[in-house]
Amino acid sequence: MDTTPESPNLTASSRGPSEQSGSGVASSSVPLLSLRGVSKNFGPVQAIQGVNLDVPDGQVTALIGDNGAGKSVLIKTISGIWPPSEGKIIWKGEEVHDHSPRTATALGIATVYQDLALCDNLDIVQNMYLGREETKFGALDEIKMELATNQLLKDLSVSTVKSVRQLVASLSGGQRQAIAVARAVMRDSRLVILDEPTAALGVSQTRQVLELIRTLSSRGIAVLVISHNLNDVFSVADRIAVMHLGSLVSNGPISDYDTNSAVELITTGQSSRVPTTLAPSS
Ligand SMILES: Nc1ncnc2c1ncn2[C@@H]1O[C@H](COP(=O)(O)OP(=O)(O)O)[C@@H](O)[C@H]1O
Ligand SMILES: [Mg+2]
């Protein structure tokens, strides 16, 4: 009987072994994702305009900005929910046409929205496989799904969950976030996008989620994370991207920024100490 769990595409060996992450140095000359001149308007409302953003492979990019700055519209554009009104989405150097949630998934873009979209009344395994259950001889292959879920959580160093047969309703906020992230990376994800993953969490749960973000990055997965908490940003990110009034005003390695310059960029869109990136580069 074959009950060998298929580890859901998270084996470190499937990544380039030499691809570094975490030091803020670009791991490849071609970014995983580039946006060039991306705008999105809703009728007369210009939600984002002229965004030029590079997201390198295997690194954590923090997307910051005030309420209404355009962060959510930007990640929904990357996720294919709002195709850009103007501009280009470039994946590994090639322009993506007719971007949609389906093409985003096919490319390996996985997004965890703030509501997490988990089902409280189902257990962890059921949530992980909702809508894509493994079957064997026409019945659910519970053993396979359970083993694979355990393996995935182990791969992601999620150690606080006692049993994968626990109902999601019984989990803490940090654990729920971890399950939502695990579900997002089950398919061969290259870029995981997280919208405010620590917004509702206490100190120790926040730390667990930040560790999970670092684990993803160490496995070669790029992370784009929206956060309001600059402590979190400076503890987890390799790079920063700042939105202000719909424009991306600055994007670069974390070492180019400090809390003061980040706050300046968030509130005014400018900082005397950090180069801003308003001019389109192509
Ligand atoms: N579906 C929509 N229809 C019309 N306007 C929208 C829509 N979504 C966002 N906007 C507008 O786009 C701007 C940016 O919003 P958003 O990306 O949600 O900001 P953030 O996530 O940075 O707080 C806001 O002015 C917002 O009102
Ligand atoms: Mg938002």
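**Exercise 1. In what sense do S4 and strand S5 (residues 94–95) pair, and over how many bridges?**

Solution. The model is predicted: local features need pLDDT of at least 70, side-chain atom pairs count only at pLDDT 80 or more, and totals for chains, interfaces and linings use all residues. Residues are numbered from 1 along each chain as its sequence is written, while chains are lettered from A and ligands numbered from 1 in the order in which they are written.

- Step 1. Fix the terms. Helices (H or I, at least four residues) and strands (E, at least two) are DSSP runs, numbered from the N terminus. Two strands pair if DSSP finds at least two bridges between them.
- Step 2. S4 and S5 pair in the antiparallel sense, over two bridges. Ile-90 stands opposite Glu-95 in S5.
- Step 3. Look at the turn. S4 and S5 form a hairpin with two residues between them, and Lys-92 in the turn has a positive phi of about 50°.
- Step 4. Add the other partner. Strand S1 (residues 33–42) pairs with S4 (residues 86–91) in the antiparallel sense over five bridges. Here Leu-35 stands opposite Ile-89.

**Exercise 2. Place strand S9 (residues 191–195) among its neighbours and describe its cover.**

Solution.

- Step 1. Strand S6 (residues 109–112) pairs with S9 in the parallel sense over four bridges. The bridge partner of Thr-111 in S9 is Ile-193.
- Step 2. S9 also runs parallel to strand S10 (residues 222–226), joined by five bridges. Leu-194 has Val-225 as its bridge partner in S10.
- Step 3. Follow the chain. From S9 it crosses through helix H6 (residues 203–218) to S10, and this β-α-β crossover is right-handed (with the strands pointing away from the viewer, the path from the first strand over the helix to the second runs clockwise).
- Step 4. Check burial. A residue is buried if 20 or more other C-beta atoms, placed from the backbone, lie within 10 Å of its own; exposed means 12 or fewer, partly exposed in between. Five of the five residues of S9 are buried.
- Step 5. Split the faces. In a regular strand the side chains alternate between the two faces of the sheet. Leu-191, Ile-193 and Asp-195 are buried on one side, Val-192 and Leu-194 on the other.

**Exercise 3. Why does Leu-194 count as buried?**

Solution.

- Step 1. Leu-194 counts as buried because it has 27 C-beta neighbours inside 10 Å.
- Step 2. List its contacts (C-beta atoms, placed from the backbone, within 7 Å). Leaving out residues up to four places away in sequence, Leu-194 touches Val-112, Val-223, Val-225 and Ile-226.
- Step 3. Look further along the chain. Ile-75 is 119 residues away in sequence, yet the two C-alpha atoms are separated by 8.9 Å.

**Exercise 4. Test the length of helix H4 (residues 142–155) and find its packing partners.**

Solution.

- Step 1. The expected span is 1.5 Å times one less than the number of residues. The 14 residues of H4 should therefore span 20 Å, and the end C-alpha atoms are 20 Å apart, which agrees.
- Step 2. Its buried residues are Lys-144, Met-145, Glu-146, Ala-148, Thr-149, Leu-152 and Leu-153.
- Step 3. These pack against helix H3 (124–128) and helix H5 (173–185).
- Step 4. After H4 comes Ser-157, with a positive phi near 55°.

Technical notes
Contact = placed C-beta atoms within 7 Å.
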